[in-house]
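Visitor: Please take a single helix of this model and look at it closely. Then work outward from there to the rest of the chain.

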Amino acid sequence: MNSATRRALIGPVLLVVAALLAVAMAMAPGARAAGGLDEAAAALKKGPVYVDPRAAGMLSASEADALAKKIKDANKPVFVAVLPKAAEYRPSSLLKDLRTKVGISGLYAVELGDGFNAGADPRVMSRNSVQNLVSAVKHSQYPTVAERLNSFVDSADQSARGHAPDSWGGSGDSGFDTGTAIGLGVLVAVGGGGAYAIARRNRRRRAEEERAALEDLRVVVDEDITAFGEELDRLDFSPGEPGADDAMRADYSHALDAYENAKTAMAAAQHPGDVQAVTQALEEGRFALATLAARREGRPLPERRLPCFFDPRHGPSVVDATWAPPGGAERTVPVCAADKSRLDDGREPLARTVRTESGDRPYWDAGPAYAPWAGGYFGGGLLPGLLVGTMLGNMMMAPHAYGADVGGPAGADGGDVSGADFNPDDFGGGFGGFGDGGGGGFDGGGFGGDGGF
């Protein structure tokens, strides 16, 4: 082959190689785009890590690729953006804007200049959990952005719920081989079919797990509804009885409505998270009964308090008491008068037990399906603190915790596409906006505040 022929062949080959390299760079998880919110969102739809070209000195390409691989290997909907301080990245709305443009339910962590913050959809991680993770990062004094983000991702991968978006496609491996395969279209149909089969199998398995969990819950919730109905019968109140007034009749009507709402919600429940609406209705109904009883007996109206922690069927609590589960740390829990007396006497409280494979156990030692059941009674914001150190508290942070953030079962599962259809008020994040990214404590601004830098 003469030199002219070789030159004629080399030219097209170099063009092909250049094109493949361009594809590979575009598809790499930590690929750099032109910068800006739209470019960041477009990149995060394709991979878990985006580094604005102007922030390239904060996180190298190899560090970004390694971080992306870690997230993809964990199969979690965790998104990381490394951005410079720039006018187009408004700290007051950055997390919300980025989540809106990406359109995928997940946990979003952003390194903005020298600040750090994160936010999550409630189905992926509770607001309290996000705040705790961000606080830990800010207090850890990591010397580099890579160390800070890796620490955050290590914790997030353990506790975030949901799955990696289908648009990320496959494992976390990156580099020229992946780009070449994509550029050449090799095995696209086979790979796509395999990914679809895996996703379908995972969805089927999760649906089966949820059906089994719902049936376990149904037994417990039906007992709760029956117990409340018996309370209504024992009350023996007639709206027309002597001494009954409009306030009493309103309390009684509220209790009856709560009873019917609980039965209706349970009949319509399709997922374990749907149970939260049932127990929330029962909690409201029991408080209405307690108020009615106080009016009839001429006692002061009860304070609106959480139900008894040990068994919500005991009714509204009357006081907070110190209690610790076996081997766990002490915490303050709301208790009824009877359980407070038992604790004062050194006896065990009368705990609500549920059936498990190892026999009857207190609900806090049962599986993750009981998180929404407890969340309806106690509210999502307080529940993690009440249950810390218990089996349910630990399992609520697992990927299989059905509605376990108890911030409400509504919303897309982690990794599912929802577009802009999410409640920004529920998109919980860390304290102090983007201030103090190096981790010296909280800044004075509120979540996402402009003064957080």
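**Helix α6 and its surroundings**

Guide: Helix α6 covers residues 145-159, and its 15 residues reach 21 Å from the first C-alpha to the last, close to the 21 Å expected at 1.5 Å a residue. The model is a predicted one. The buried residues of α6 are Val145, Ala146, Arg148, Leu149, Ser151, Phe152, Val153, Ala156, Asp157 and Ser159. The list includes Arg148 and Asp157, and arginine and aspartate both fall in the charged class. The elements that cover these buried residues include two helices, α3 and α5 (127-139), along with the strands β2, β3 (107-112) and β4 (115-120).

Two of the loops that join these covering elements can be examined in turn. The first runs between α3 (61-74) and β2 (78-83), and asparagine 75 lies in it. Asparagine 75 is not a glycine, yet its phi is positive, at about 60°. Its relative accessible area is 36%, and therefore asparagine 75 counts as partly exposed. The second loop connects β4 to α5 and holds arginine 123. Arginine 123 has 19% relative accessibility; the limit for buried is under 20%, so this residue counts as buried. Serine 105 is 18 residues from arginine 123 along the chain, and their C-alpha atoms are separated by 8.1 Å.

Next come helices α2 and α4. Leucine 37 belongs to α2, which covers residues 37-46. Lysine 101 sits in α4, residues 94-102. Setting aside neighbours within four places in sequence, leucine 37 is in contact with Tyr89, Leu94, Asp97, Leu98 and Lys101. With the neighbours of lysine 101 left out in the same way, its contacts are Leu37, Asp38, Ala41 and Lys45. The pair Leu37 and Lys101 thus appears from either side. In accessibility, leucine 37 counts as buried because its relative value is 13%. Lysine 101 has a relative accessible area of 37% and is therefore partly exposed. Two C-alpha separations add to this picture. Leucine 37 and tyrosine 89 are 7.0 Å apart in space and 52 residues apart in sequence. For lysine 101 and leucine 44, the spacing is 9.7 Å in space and 57 residues in sequence.

Further along the chain, another loop has a residue with a positive phi. Aspartate 236 is in the loop between α8 (188-235) and α9 (246-268). Although it is not a glycine, aspartate 236 has a phi of about 55°. Its relative accessibility is 62%, so aspartate 236 counts as exposed.

Helix α10 can be checked in the same manner as α6. It has 23 residues (275-297), which should span 33 Å at 1.5 Å a residue, and because its end C-alpha atoms are 33 Å apart, the two values agree. The expected figure is 1.5 Å times one less than the number of residues. Glycine 298 comes just after α10 and takes a positive phi of about 70°. Phenylalanine 378, in helix α12 (residues 370-378), is 98 residues from glutamine 280 along the chain, while their C-alpha atoms are separated by 8.3 Å. Phenylalanine 378 counts as buried because its relative accessibility is 2%.

The cavity count for the model comes to 1 at 30 Å³ or more. The largest cavity has a volume of about 40 Å³. Its lining consists of Leu282, Glu283, Arg286, Phe287, Arg305, Leu306, Pro307, Pro312, Gly315 and Pro316. By class, that lining has 6 nonpolar residues, 3 charged and 1 polar.

For the chain as a whole, there are 14 helices and 9 strands. Of its 453 residues, 45% count as buried. The exposed area is about 20700 Å², of which carbon and sulfur atoms supply 55%. Among contacts between residues at least 6 apart in sequence, 67% join residues at least 24 apart. Leu37 with Lys101, described above, is one of the individual contacts in the chain.

Technical notes: Residues numbered from 1 in each chain as written. Predicted model: local features only at pLDDT ≥ 70, side-chain atom pairs only at ≥ 80, totals over all residues. Heavy atoms only, no water. 1 Å grid on protein atoms, 1.4 Å probe; cavity = no way out; pocket = protein on both sides within 12 Å on 5 of 7 lines; lining within 4 Å. Points joined across faces, edges and corners; volume = space filled by probe spheres on them. Helix = DSSP H or I, 4+ residues; strand = E, 2+ residues; numbered from the N terminus. Buried < 20%, exposed > 50% of the residue type's maximum accessible area, 1.4 Å probe, protein only. Contact = heavy atoms within 4.5 Å. Areas by Shrake-Rupley, 256 points an atom, 1.4 Å probe, with all protein chains shown as cover.
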